[in-house]
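Welcome, and please open your viewer. We will go from stop to stop, selecting a few residues at a time.

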Amino acid sequence: MLRQKTLLTIIFLGLCIRLYTLFNSLDNPNFSILQDDYIGYSLAFKEGLLNAPDFIDSRFFPWYPLLMLGLSSLFSLPLLFSGVLISFFSSILSVFLFWNITKNKLSALLFSLFPPVWFVSSIKIATEPLTVLMLLSSLYLFMKKRFFLAGLILGISTGVRLISVCLIASFIILSFRSVKNKLLPLILGFLSTLSILIIYNKIIFDNIFHQILIYPKIGGASGSSIGLFQLIQDIPRSLDWHQYRIFLSGSFYIIIFILAILILLKYKNKKYIFKISFYWLIFSLAFILIYGPSPLLEEFGRFSIPVMPGIIIGLTVPILLFEKKNAS
């Protein structure tokens, strides 16, 4: 009963603070509720214009804007409202799932309210909250040995953000010793829903790799690049141009990402969830450093959001182990 009350308190606190932040941000001229033009994508799909040569936002993966469109049509909601609604409730449900995975009130509270880039994304039209929800759903199912369903959700999540493949990569690494019972159903589930994206791309764009091929040309502010090389350029540029806020913010997210990996490296054999999180972070960091936007430093925090549950788990490992030691 006490655990349920703690969970409800954390969720209620996260809910209230998000609503407060949203209503206060609407009057801020520097706040944009649109992370990217997913409304434009939804309308282009509705009007059959996704394949127009000048429609650069066809680089987006489709399931989030199409979910916005479906919710808008079903309940007669403005697209903007349906997009924010998805993000808002995805973030709240993510806290619930994170609690059920970690069973720790401090970790869940930290994940509910931290870091700022994750918190703010939940009041925007952005893919990150929905991606986090789906990744946590898959992680929860994997921990419950529902391997086919875990793979099935990851296949859908890949059609929201490509970085979702990093979680299935970590699952595969940990499933090689049980090919028949774990690996096979996991991959079958993943391919069954990933195939829907492949069919969609073939029908709409006549190219099953459309987003992967077009994003490097027009993604980010100036396309995309090899993330590691981009960071090497971005860090001195931010200092030379006196962009100290960008330098500090980007450095902060890089530091907590790497710190979480180092902590998990030390303790990954203590608990299965630590081992999963370690590989998840490793693959996700490699993904960002290979296939990142240009520039990357100012976007590093946002690109880290899908793996933020793993980062929070890594950062709180010493606390989790301390509590376990005292309880025994």
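Which are the buried residues of helix α5? Select residues 105–113 to see this helix, then pick out Ser107, Ala108, Phe111 and Ser112, which are the buried ones. They lie on the same side of α5, because they cover an arc of only 135° around the axis. A rule of thumb helps here: an α-helix has 3.6 residues a turn, so residues three or four places apart point the same way. Keep in mind throughout that this is a predicted model.

Stay with α5 and go to its start. Add Asn104 and Leu106 to your selection: a side-chain oxygen of Asn104 reaches to within 3.1 Å of the backbone nitrogen of Leu106.

**The nonpolar core**

Next, select Phe257 and Phe300. Within the largest nonpolar core, which has 94 residues, these two have the most contacts. Helix α4, residues 79–102, gives the largest share of this core, with ten residues.

Now centre the view on Phe257 and show what surrounds this residue. Leaving aside neighbours within four places in sequence, Phe257 is in contact with Leu281, Ser284, Leu285 and Ile288, and also with Phe300, Ser304, Val307 and Ile311.

**Aromatic rings**

How many aromatic pairs does a search of the whole structure find? The search finds 18. For one of them, select Tyr200 and Phe205, whose rings are edge-to-face, with 6.4 Å from centre to centre and 75° between the planes. Tyr200 is buried, at a relative accessible area of 9%, and Phe205 is buried as well, at 8%.

Move on to Phe287 and Tyr291, another edge-to-face pair, at 5.9 Å centre to centre with 70° between the planes. Is each partner buried or partly exposed? Phe287 has 17% relative accessibility and counts as buried, whereas Tyr291, at 22%, counts as partly exposed. The two fall into separate classes because buried means under 20% relative accessible area.

For a group of rings, select Tyr38, Tyr41, Phe55, Phe60 and Tyr64. Ring pairs link these residues into a cluster.

**Charges over rings**

Show Arg237 and Trp241 as sticks. The charged end of Arg237 sits over the Trp241 ring, 5.8 Å from the ring centre. Then do the same for Lys268 and Phe278: here the charged end of Lys268 sits over the ring of Phe278, 5.8 Å from its centre.

**The loop between α8 and α9**

For the last stop, find the loop between α8 (147–158) and α9 (165–173), and select Arg161 there. Is this arginine buried or exposed? Arg161 is buried, with a relative accessible area of 12%. Add Glu128, and you will find a polar contact of 3.1 Å between the side chains of Arg161 and Glu128. Apart from neighbours within four places in sequence, the contacts of Arg161 are Thr127, Glu128, Thr131, Arg302, Phe303 and Pro306.

In this loop between α8 and α9 you can also select Gly159. Gly159 is buried, with a relative accessible area of 0%. What does Gly159 touch, not counting residues up to four places away in sequence? Light up Phe61, Pro62, Trp63 and Leu197 for the answer.

To finish, draw a distance from the C-alpha atom of Gly159 to that of Tyr244. The two residues are 85 residues apart along the chain, and their C-alpha atoms are separated by 35 Å.

Conventions:
Residues are numbered from 1 along each chain as its sequence is written. This is a predicted model: local features need pLDDT of at least 70, side-chain atom pairs count only at pLDDT 80 or more; totals for chains, interfaces and linings use all residues. Side-chain values use heavy atoms; hydrogens and water are left out. Buried means under 20% relative accessible area, exposed over 50%, partly exposed in between (1.4 Å probe, protein chains only). Helices (H or I, at least four residues) and strands (E, at least two) are DSSP runs, numbered from the N terminus. The arc is that of the directions from the helix axis to the C-beta atoms. A polar contact is a pair of N or O atoms within 3.5 Å; within protein, one must be able to donate a hydrogen and the other to accept it, and residues adjacent in sequence count only if both atoms are side-chain atoms. Rings of Phe, Tyr and Trp (its six-membered ring) pair if their centres lie within 6.5 Å; planes under 30 degrees apart count as stacked, over 60 as edge-to-face and the rest as tilted. A charge sits over a ring if NZ of Lys or CZ of Arg is within 6 Å of the ring centre and within 35 degrees of the ring normal. A nonpolar core is a set of buried Ala, Val, Leu, Ile, Met, Phe, Trp, Tyr and Cys residues joined through side-chain atoms within 4.5 Å. Contact means heavy atoms within 4.5 Å.
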